[in-house]
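User: I'm new to this one and I'd like a close look at a single part of it, with enough of the surroundings to make sense of what I see.

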Amino acid sequence: MRRIAFYLLCVFEIQSLSYADVTKFARGNPSGSGLPAADRKTLEYSSRFREVHSTSDLPPAIVAICAGDKNNLAEPGGKWNATDVVIDPSLPSKRLIWAANGGDYYVVHYERGGIAHTFHILVTRLAKDDAKPKIVWSAMGGPFKDYTAFLQALRSRKLDDRLDWH
């Protein structure tokens, strides 16, 4: 019984991290986060971004960063392994919620299963001539229903970018 109580406590503690204020400070960055000010300004220009709701609308290199080892990211609403109890090993452990594209920038919001169900944001840049995307910033928080909700969380410092979450 104590072991179960301990595991539950761990799950709630990990889950509470997703509601923490942004705490990573980049030198010379007045925004108070590890997100560079120039990139933040680009992200806040929301009319530049178009939401997508399928992994097929993203470059494979962006999907690969989010998907990790299995190189597989479930579609929104699709089947995936949401817990640490793996029912079907062929299913991915991460699932796309939505993504947004604005020129060279890609913002991907996805969820990750395991002992704690967590929500992630990944910001990358991929120029047309580049084969590999550059990771601009990553954080944990959400879920966010859309890009506008993500921007509200960014402005109110409700994302945790203390660790490399992707």
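Not counting residues up to four places away in sequence, which residues does Asn101 touch?

Analyst: Keep in mind that this is a predicted model. Asn101 touches Arg48, Phe49, Arg50 and Tyr106, with residues up to four places away in sequence left out of that list. Let's start with the residue itself and then work outwards.

Asn101 sits in strand 2. Its relative accessible area is 17%, so it counts as buried, the cut-off being under 20%. The side chain of Asn101 has a couple of polar partners. One is the backbone oxygen of Gly103, reached at 3.2 Å. Another is the side chain of Tyr106, joined to that of Asn101 by a polar contact of 3.5 Å. Tyr106 therefore turns up twice, as a residue that Asn101 touches and as a polar partner of its side chain.

Now for the strand around it. Strand 2 covers residues 94-102 and strand 3 covers 105-112. The two run antiparallel, with eight bridges joining them. Gly102 stands opposite Tyr105, which belongs to strand 3.

Step back once more and you get the sheet. Five strands make up an open sheet, lined up in the order 1-2-3-4-5 with antiparallel pairing. Strands 1 and 5 stand at the edges with a single partner strand each, so one side of each has no neighbour in the sheet. On average, neighbouring strands here are turned by 20° against each other, if you ignore direction.

Helix 4 packs on this sheet and touches strand 1, strand 2, strand 3, strand 4 and strand 5; the direction of the helix makes about 85° with that of strand 2. The buried residues of helix 4, which spans 147-155, are Tyr147, Ala149, Phe150, Leu151, Ala153 and Leu154. Besides the five strands, these buried residues also pack against helix 2, at 37-44. Both ends of helix 4 have a detail to look at. At its start, a side-chain oxygen of Asp146 comes within 3.3 Å of the backbone nitrogen of Thr148. Just after the helix, Arg157 takes a positive phi of about 60°.

Some of the contacts between helix 4 and the sheet involve rings. Searching the whole structure turns up five aromatic pairs. One of them is Trp98 with Tyr147: the ring centres are 6.1 Å apart and the planes lie at 75°, so this pair is edge-to-face. Trp98 is in strand 2 and Tyr147 is in helix 4, so the pair ties together parts that are 49 residues apart in sequence. Trp98 and Tyr147 are both buried. Ring pairs also link Phe49, Trp98, Phe144, Tyr147 and Phe150 into a cluster. You've met Phe49 already, as one of the residues Asn101 touches.

Helix 3 meets strand 2 as well. Within this helix, residues 60-67, the buried ones are Ile62, Val63, Ile65, Cys66 and Ala67. They pack against strand 2, strand 3, strand 4 and strand 5. Gly68 follows helix 3, and its phi is positive, near 75°.

A couple of loop residues are worth finding too. His117 is in the loop between strand 3 and strand 4, and at a relative accessible area of 28% it is partly exposed. The side chain of His117 makes a polar contact of 2.5 Å with that of Glu111. Lys94 is 23 residues from His117 along the chain, and their C-alpha atoms are separated by 9.8 Å. Pro36 is in the loop between helix 1 and helix 2, and it counts as partly exposed at 33% relative accessibility. From Pro36 to Trp137 there are 101 residues in sequence, yet the C-alpha atoms are 8.3 Å apart.

To place all this in the whole protein, there are four helices and five strands, running α-α-β-α-β-β-β-β-α from the N terminus. Of the 166 residues, 45% are buried, and Asn101 is one of the buried ones. Among contacts between residues at least 6 apart in sequence, 49% join residues at least 24 apart. As for the outside, the accessible surface comes to about 9300 Å², with 56% of it belonging to carbon and sulfur atoms.

Definitions and conventions:
Residues are numbered from 1 along each chain as its sequence is written. This is a predicted model: local features need pLDDT of at least 70, side-chain atom pairs count only at pLDDT 80 or more; totals for chains, interfaces and linings use all residues. Side-chain values use heavy atoms; hydrogens and water are left out. Buried means under 20% relative accessible area, exposed over 50%, partly exposed in between (1.4 Å probe, protein chains only). Contact means heavy atoms within 4.5 Å. Accessible areas come from the Shrake-Rupley method with a 1.4 Å probe; for residues, only the protein chains shown count as cover. A polar contact is a pair of N or O atoms within 3.5 Å; within protein, one must be able to donate a hydrogen and the other to accept it, and residues adjacent in sequence count only if both atoms are side-chain atoms. Two strands pair if DSSP finds at least two bridges between them. Axes are lines fitted to C-alpha atoms, for helices over the stretch in contact, and angles run from 0 to 180 degrees between N-to-C directions. Rings of Phe, Tyr and Trp (its six-membered ring) pair if their centres lie within 6.5 Å; planes under 30 degrees apart count as stacked, over 60 as edge-to-face and the rest as tilted.
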